[in-house]
Amino acid sequence: MTVTPAVEEEEKKEEEEKPKEKFEFSFDYFNESRLGLFALIVGAIIAVASFFPPLPAFVKGIGAMLVIVWGADSVRKTARYGLGTGVPSIGVLAVGFGLAGAITGMAIGSEIYHYFGIIGILGILAGVAFMAVVGYVSGVLANNEKFIGMKIPGLERGMAELAMAGTLAITLESSIVAGTWYSAAIMSPIKGYDVTPAAFFAVIFILSGFGMLQPYNSCLGADERRGRTLLMAIEIGGINCIILGAVATMSLGAVQGVPLIVLGAIVWVVYYRAYMKACMAEAYGTPGTGLIKTLGG
Amino acid sequence: MPVISLFAWLLVIVFLAFIACMFEDLESDVGSQSNPNSQVQLAPEMGYIHRYYNKAISGEGLSYALACTIAGTIALLLLLKFEPTYGPRAAILAIPVGAAVGSISHMIRASVCYPGRESAHKRFEQPIYLDVFYGHLVPIATHNFIAVICITGIAYIQSNLTVLSGVSGASNPFPLPLLCLIWGITVGAIGSSTGDIHYGTEREFQDRPFGEGRRVVYHGQICRYGDCGIRTSKDIVAFCAKYGGPATGLTFGLIVLFENWRTVIGMMLGGLAGAAWNPGIAAVSGIGLGIAVAIVLIVLNTWLVRWARKKFGPFVGE
């Protein structure tokens, strides 16, 4: 069949609108370990590179989304063993670790950069490594029978991963707002305004926290599926990018901010649709309305 | 007259807090968030298929922290942009737009919860009712908008109190998003702790002896039928708006009122930052007043509990 590009585009659009299309999105290759390693490596590279202000904000946005997916996966891994109402707490714990780790990393990196030059940009990884140790130790304390004795399988690893993911997320998102994670830039007023990038730490904190805690909390149940949960994590990463893009438009200008907003919007639309389709396809049924089943009937 | 205007702004904040927490509680009832949600989640697992909306974003405190912080951030961005040109009038635009963005974000997050949780109930044969799904989104967004706009307004008043009241040093030094985060967590926490009790005991579990907790045997056995037909979460709002919501708003309003009232009275007794300003007297009289208020409240509550027990019969097992 020969079709002109315009017709082809139209057809594509039509195809997208058709509800019968079956959406398959598999995280089979990215199992828990591979996803973690991939996100850690890519996130760390982008975090180191985001010291330089010319790095586009949407690259940092991609890094932040990846890291948030990893964090959501770790929350799922940690909270799967019947924590129930503890899921949001685990997510907030992750960003709490992350805030401490990010500030440590920024301080160490900036200080080394101040005295020894460019090698200091690797200092941000010191914060990640530090939080990995802190997270592991807190996992051991929570699991060990001598202390709290929660006996959750894999808690040590989960805590370490959460702390690292939180640190990378906070670092990347604060460098989206300030242009760099250099502490002098974060603590000094934004050009032309009477406010520092540190004023937006509250929104950075809560946004990355929700990226990690909401997916598993909202999908929790007997038939929860990892792929579906992670689709939602990516979708929330898109919302985060839109809001941080608005902040970056103010602090760094439209050149940095607008591509991030566009990226966030595209990611949000695509993955929201994919998630909803997955839910509707995998539910017991999706009646328009209906009565409820009575007991025994 | 700076003290009078400080009091006036205090009362404005209390009023906004009352409205905010009332609507916060009603909004959480639209989607059965927080504590009652655990039973809504449990019901299909026990064989009770229902038509409640399962809005499990997170606890109320956190989800309100999120909505309010986004609102505060967007409001701050607009204020920074427009305040140099239009002065304080920029707030007329900034606060509603910020709150709108916050509540839309909240609605989007609420919309992913119901399909997520109910599709995870596949093996218990709980379907996703599309009318329940679509019908609850707008009430969630609108109730949330009222709560978030009030909280953003409170944070704005707090961070500009020096200009508004004329008392030097009255402004809060925190940036707007951080104030919104703190107020959001607070309003969610009060709404969760006070309002959920009314929703849970009066609406989800109606057939229960006075004062008894829910036995484990009956977990998940929620009231699924309404006065007419099958109950959805929207029906609960109309019921809770009569008592649970206002009571929750009153709780939060009174907390804000007593807390700030004692501080302002203490500041007045200490000379209110004038020539005779004495921080020691201000602190001591403020704390003393706070303790007096706490004692009065404890006595009143004890009396209320005794009266209720006498009137509505003994607890089971008493």
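Helices (H or I, at least four residues) and strands (E, at least two) are DSSP runs, numbered from the N terminus. Residues are numbered from 1 along each chain as its sequence is written, while chains are lettered from A and ligands numbered from 1 in the order in which they are written. The model is predicted: local features need pLDDT of at least 70, side-chain atom pairs count only at pLDDT 80 or more, and totals for chains, interfaces and linings use all residues.

**Chain B**

Select chain B. Its pattern along the sequence is α-α-α-α-α-α-α-α-α-α-α, that is, 11 helices and 0 strands. Along the principal axes, the C-alpha atoms fill a box of roughly 70 × 55 × 25 Å. Chain B has 318 residues, of which 49% count as buried (20 or more other C-beta atoms within 10 Å of the residue's own; exposed is 12 or fewer, partly exposed in between, with C-beta atoms placed from the backbone). Two residues are in contact if their C-beta atoms, placed from the backbone, lie within 7 Å. Among contacts in chain B with a separation of 6 or more, 77% join residues 24 or more positions apart.

**Chain A by confidence**

Colour chain A by pLDDT, the predictor's confidence in each residue, from 0 to 100. The mean for chain A is 86, with 89% of its residues at 70 or more. Among the elements of chain A, helix H1 (residues 5–17) has the lowest mean, 50, and H10(A) the highest, 94. Over residues 14–23 of chain A the pLDDT is below 50, and this stretch has 4 contacts in the model beyond near neighbours in sequence.

**The interface**

Show both chains. On the A side 44 residues are in contact with 47 residues of chain B. Elements of chain A giving two or more residues to this side are helix H4 (87–116), helix H8 (201–219), helix H9 (226–252) and helix H10 (254–282). H8(A) gives the most, with 9 residues. The A side divides into 30 nonpolar, 10 polar and 4 charged residues. Here Ala, Val, Leu, Ile, Met, Phe, Trp, Tyr, Cys and Pro count as nonpolar, Asp, Glu, Lys and Arg as charged, and the others, Gly among them, as polar.

**H8(A) against H3(B)**

Select H8(A) with helix H3 (residues 60–86) of chain B: their axes come within 9 Å and cross at roughly 140 degrees. H8(A) is therefore oblique to H3(B). Axes are lines fitted to C-alpha atoms, for helices over the stretch in contact, and angles run from 0 to 180 degrees between N-to-C directions. Angles under 35 degrees count as roughly parallel, over 145 as roughly antiparallel, 65 to 115 as roughly perpendicular and the rest as oblique. The crossing is left-handed (the near helix is turned anticlockwise from the far one by less than a right angle; right-handed if clockwise). A:Ala202, A:Val203, A:Ile206 and A:Phe210 meet B:Ala65, B:Leu66, B:Thr69, B:Ile70 and B:Thr73. This contact has 7 nonpolar, 2 polar and no charged residues.

**H8(A) against H6(A)**

Now add helix H6 (residues 155–178) of chain A, which packs with H8(A) at about 140 degrees, the axes 10 Å apart. H6(A) passes H8(A) in a right-handed crossing. From H6(A), A:Gly166, A:Ala169, A:Ile170, A:Glu173, A:Ser174 and A:Val177 meet A:Phe201, A:Ile204 and A:Ser208 of H8(A).

**A:Glu156**

Stay in helix H6 of chain A and pick A:Glu156. A:Glu156 counts as buried because it has 20 C-beta neighbours inside 10 Å. Leaving aside neighbours within four places in sequence, A:Glu156 is in contact with A:Tyr136, A:Gly139, A:Val140 and A:Asn143. Its C-alpha atom is separated by 7.3 Å from that of A:Val137, 19 residues apart along the chain.
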